[in-house]
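Me: I would like to go through this model step by step, with short questions and reasoned replies. Please start once the structure is on the page.

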Amino acid sequence: DPFATTRPSSLEASLPLDRLSDLDGPNFDLGDTFHSPKQQIIESSPTRAKHLINQLRIHDFAWILRSSNEWTYGIVADFPERGEVPSIRFVIDKVGNTKTFKMKHWAKCIRLVDDKSQSQKQ
């Protein structure tokens, strides 16, 4: 399920995720929801979108589609092995909840942050 949210283990929950806000761009905090399409890079070609998303690295930020149909500002945690299928796991809030997306869901559920939108928080 591309919309499944994983809760942190007790060890993960004890880690200070508030420090991640220091890594945030100047205008978005981890877990923020977006208010304007200008805050995202919306790629019309799914192939091009997957190519761009595949360039994300650990600690890069992106907008993540939640099961509530809201886009949440998340950070790349890692790239877990899920068989032969590439996946990306994001931390989606300061509690440490995560969402993992297999490649087949990338174009629909992940959008890059438009850095030009960071000039003013909505």
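Me: Which residue in S3 does Phe 61 stand opposite?
Reply: This is a predicted model. Strand S2 covers residues 61-65, and five bridges join S2 to S3 in an antiparallel run. In that pairing, the residue of S3 opposite Phe 61 is Ile 75.

Me: Which residue in the turn between S2 and S3 has a positive phi?
Reply: S2 and S3 form a hairpin, and five residues lie between the two strands. One residue of the turn has a positive phi of about 65 degrees, namely Asn 69.

Me: In what order do the six strands of the open sheet lie?
Reply: The pairing in this sheet is antiparallel. Each edge strand pairs on one side only, and the edge strands are S1 (40-41) and S5 (98-102). The order is S1-S6-S2-S3-S4-S5.

Me: Which residue in S6 is opposite Ala 62?
Reply: S2 and S6 pair in the antiparallel sense over three bridges. Strand S6 spans residues 110-113. Opposite Ala 62 in S6 stands Leu 112.

Me: Is Val 113 buried or exposed?
Reply: Val 113 belongs to strand S6. A residue counts as buried under 20% relative accessible area. Val 113 has a relative accessible area of 9%, so it is buried.

Me: How many residues of S3 are buried?
Reply: S3 is largely enclosed by the rest of the structure. The strand has eight residues, and the number of them that are buried is six.

Me: Which residue in S4 is the bridge partner of Val 76?
Reply: S3 and S4 pair in the antiparallel sense, and three bridges join them. The bridge partner of Val 76 in S4 is Phe 90.

Me: Which side chain meets that of Arg 89 in a salt bridge?
Reply: The count of salt bridges comes to one. Its N to O distance is 2.8 Å, and the partner of Arg 89 is Asp 78.

Me: How many residues apart in sequence are the parts that this pair ties together?
Reply: Arg 89 is partly exposed at 23% relative accessible area, and Asp 78 is partly exposed at 25%. Arg 89 lies in strand S4 (residues 87-91) and Asp 78 in strand S3 (residues 71-78), so the salt bridge ties together parts whose separation in sequence is 11 residues.

Me: What is the relative accessibility of Ser 87?
Reply: Ser 87 is in strand S4. Among the residues it touches are Asp 78, Phe 79, Thr 100 and Trp 106. Ser 87 counts as buried, and its relative accessibility is 4%.

Conventions: Residues numbered from 1 in each chain as written. Predicted model: local features only at pLDDT ≥ 70, side-chain atom pairs only at ≥ 80, totals over all residues. Heavy atoms only, no water. Salt bridge = Lys/Arg side-chain N within 4 Å of Asp/Glu carboxyl O. Helix = DSSP H or I, 4+ residues; strand = E, 2+ residues; numbered from the N terminus. Buried < 20%, exposed > 50% of the residue type's maximum accessible area, 1.4 Å probe, protein only. Pairing = 2+ DSSP bridges. Contact = heavy atoms within 4.5 Å. Lists of a residue's contacts leave out its neighbours within four places in sequence.
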